[in-house]
Amino acid sequence: MAAFKTFALYFLYMAHAQQKNPEDMTQSIQAQRIDGQDILPPTIFYTSICTNYLGKALALATSIKKSYPNSFYVIGLVERELPREFNISNHAEVDVVVLAHELMENGQFDAWVFRYSIVEAATAIKAALLRHLYLRYPSTDYFFYLDPDTYVYSPFHELHELLEKSPIVVTPHLETPGNLEMELSALRHGVFNLGFLAVRRHPETIRFIDWWAARLDYACYDDIPNGIFTDQKWINLLPCFFNTEVLREPGYNFATWSLMDRKLSRDASGTYLVNDKPLRFAHFSGFDSNMFHRCIGRWAKDNSVLLEAFAGEYAAACKAHQENIFKPIAWSYRNFLSGKGVWRNARIVWRECYGSDLRNPFLLSNIRILFSVFRRNRLKSLIRKWIQRHV
C-alpha cells in the first residue's frame with residue numbers, strides 16, 4: 001500500500017506540476033559549499049501565492065539561489081491554471097510550480113477554496129504543500145517556507161545548527177516587552193510570524209504537518225473575533241504540542257515589527273547587518289500598502305536614510321521580475337464561472353454548507369448560496385454568529 005501511495009503521488013506530480021527536467025531536479029537537491037565555508041544540507045524552499053504576487057516570488061527565488069545556488073525552489077499557486085504571462089522555462093530560478101487544486105485528491109477543491117478570500121486561500125495551502133513536498137522528495141531533509149514578500153541576503157547557518165536540536169523552528173513577532181500596542185497585536189494575529197517556517201525530516205515533523213493541515217482544512221480564516229487569523233494563529237499552539245525551537249537571531253525575519261529593537265547597518269564591504277550580525281532574510285510585509293515606509297517614520301527615523309535605500313533596492317528587485325505585469329492579474333477564483341463576482345458574504349455563508357452541500361459553488365450564484373443556507377434552516381445560527389462577532 002505504501003508503495004502504491006508513493007507511485008500515485010509521483011504520477012500526480014508528473015501529470016500536473018509544471019517542472020524542469022527530472023534529472024536537473026535530482027542534481028539540484030544536493031549538499032553544497034558556499035564560498036568554501038560550511039557545507040549546507042539539501043534544502044527545499046517553498047512559497048504559496050496567487051498570481052498577483054508572482055513578481056515578488058520570482059525576486060525571492062533569485063535571492064535564494066544566490067545564497068543556495070543548488071537549492072530547490074517551489075511555488076504553490078492558488079489559481080485554476082498557470083497565467084499565460086508566465087513560462088517556467090524562462091525562469092531558471094524556479095524549479096517547480098504546483099497548482100493548489102492538485103493537492104486535493106477528492107475533487108472538491110472548488111468547494112474548499114470558495115470559503116476563502118485571496119489572502120486566506122494563499123495561506124491555507126501551506127501545510128498541504130509542505131506535506132506534498134515532504135512525501136515527494138524523501139531524500140531531502142530540510143524544508144523552509146518563506147512568504148513571497150521576503151528576500152534572502154545570506155545562508156542560514158544558525159538555523160541549520162538549531163534544526164539539529166529540534167525538527168521545527170519558528171520566529172516570534174516580538175522579543176522585547178514594553179510596547180503594549182505591539183503586544184496586543186501579537187495576541188490578535190499570532191505570537192509567531194508564519195512568513196517563515198523551517199522543518200527537518202523527523203517523525204515529530206510529520207505529526208506536526210498532519211495536525212497543521214487538518215486545522216487549515218478546517219478553518220484558515222481572517223476571523224480575529226473568533227480567535228482565528230489565517231494559518232498563523234494556530235501556530236501559537238506549536239510549542240505546546242511539538243518539539244519546537246524559537247529562533248531569536250536578529251538577522252532572521254527582519255521586518256516592520258523588528259524596527260523597535262533591531263537596527264539595520266552596512267559594513268565596509270556593503271554587507272547588511274542587523275544588530276551587528278549578518279542579515280539572513282528580510283520580510284517586506286505590507287510593502288505595497290506603504291506600511292514599511294510608515295513604520296520607518298514611526299519607529300526608526302534616526303536610520304531612515306539607510307532603511308529607505310534598503311526598501312528601494314527591494315522594490316527594484318520586484319520590478320526587475322516583472323511585478324508590474326503580474327500584480328494586476330485578477331485571481332481566477334474571484335468570480336463564479338458565469339463571470340459574476342463572488343460576494344464576501346457568500347464565501348462566509350458557504351462555510352456553513354461546506355462538507356454537506358456537494359455542489360460546486362462556482363456554478364451557483366450569490367443569491368442561490370444565500371438562499372441555500374436559509375433553506376437549510378441556518379439563518380438563526382448565522383444571525384447569532386453575526387451578533388457575537390459584531391455586537
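This briefing walks through the overall fold, the largest pocket and a few local features of the structure above. The model is predicted, so please read every value below as computed from it. The protein has 391 residues, and 51% of them count as buried. Its secondary structure consists of 16 helices and 17 strands.

**Overall picture**

- Contacts that span a long stretch of sequence are plentiful: of those between residues at least 6 apart, 74% join residues at least 24 apart.
- The accessible surface adds up to about 18,100 Å², and carbon and sulfur atoms account for 55% of that area.

**The largest pocket**

- If you are setting up a look at the pockets, the largest one has a volume of about 1,100 Å³.
- Its lining is made up of 41 residues, and those nearest the centre are Asp147, Asp149, Phe229, Ser285 and Gly286.
- By residue class, the lining holds 18 nonpolar, 15 polar and eight charged residues.
- Several elements supply at least two lining residues each: the strands β4 (43-49) and β10 (192-200), together with the helices α5 (118-124), α8 (180-189) and α11 (291-299).
- Which element gives the most to this lining? That is α8, with six residues.

**Helix α3**

- Helix α3 covers residues 54-67, which makes 14 residues.
- From first C-alpha to last, α3 reaches 20 Å, close to the 20 Å expected at 1.5 Å a residue.
- α3 is mostly covered, with 12 of its 14 residues buried.
- Among the buried residues of α3 are the leucines Leu54, Leu58 and Leu60, and two lysines, Lys56 and Lys65, also belong to this buried set.

**Helix α14 and what follows it**

- Is α14 largely enclosed or open? Seven of its 10 residues are buried, so α14 is largely enclosed by the rest of the structure.
- The buried residues of α14 are Ala346, Arg347, Val349, Trp350, Arg351, Glu352 and Cys353.
- After α14 comes Gly355, which has a positive phi, near 100°.
- Leu358 sits in the loop that links α14 (344-353) to α15 (366-375).
- Leu358 counts as exposed because its relative accessibility is 67%, and the cut-off for exposed is over 50%.
- Leu358 also takes part in a long-range pairing in sequence terms: Gln108 is 250 residues away along the chain, yet the two C-alpha atoms are 8.2 Å apart in space.

Terms used: Residues numbered from 1 in each chain as written. Predicted model: local features only at pLDDT ≥ 70, side-chain atom pairs only at ≥ 80, totals over all residues. Heavy atoms only, no water. Helix = DSSP H or I, 4+ residues; strand = E, 2+ residues; numbered from the N terminus. Buried < 20%, exposed > 50% of the residue type's maximum accessible area, 1.4 Å probe, protein only. Contact = heavy atoms within 4.5 Å. Areas by Shrake-Rupley, 256 points an atom, 1.4 Å probe, with all protein chains shown as cover. 1 Å grid on protein atoms, 1.4 Å probe; cavity = no way out; pocket = protein on both sides within 12 Å on 5 of 7 lines; lining within 4 Å. Points joined across faces, edges and corners; volume = space filled by probe spheres on them. Nonpolar A, V, L, I, M, F, W, Y, C, P; charged D, E, K, R; others polar. Expected span 1.5 Å × (residues − 1).
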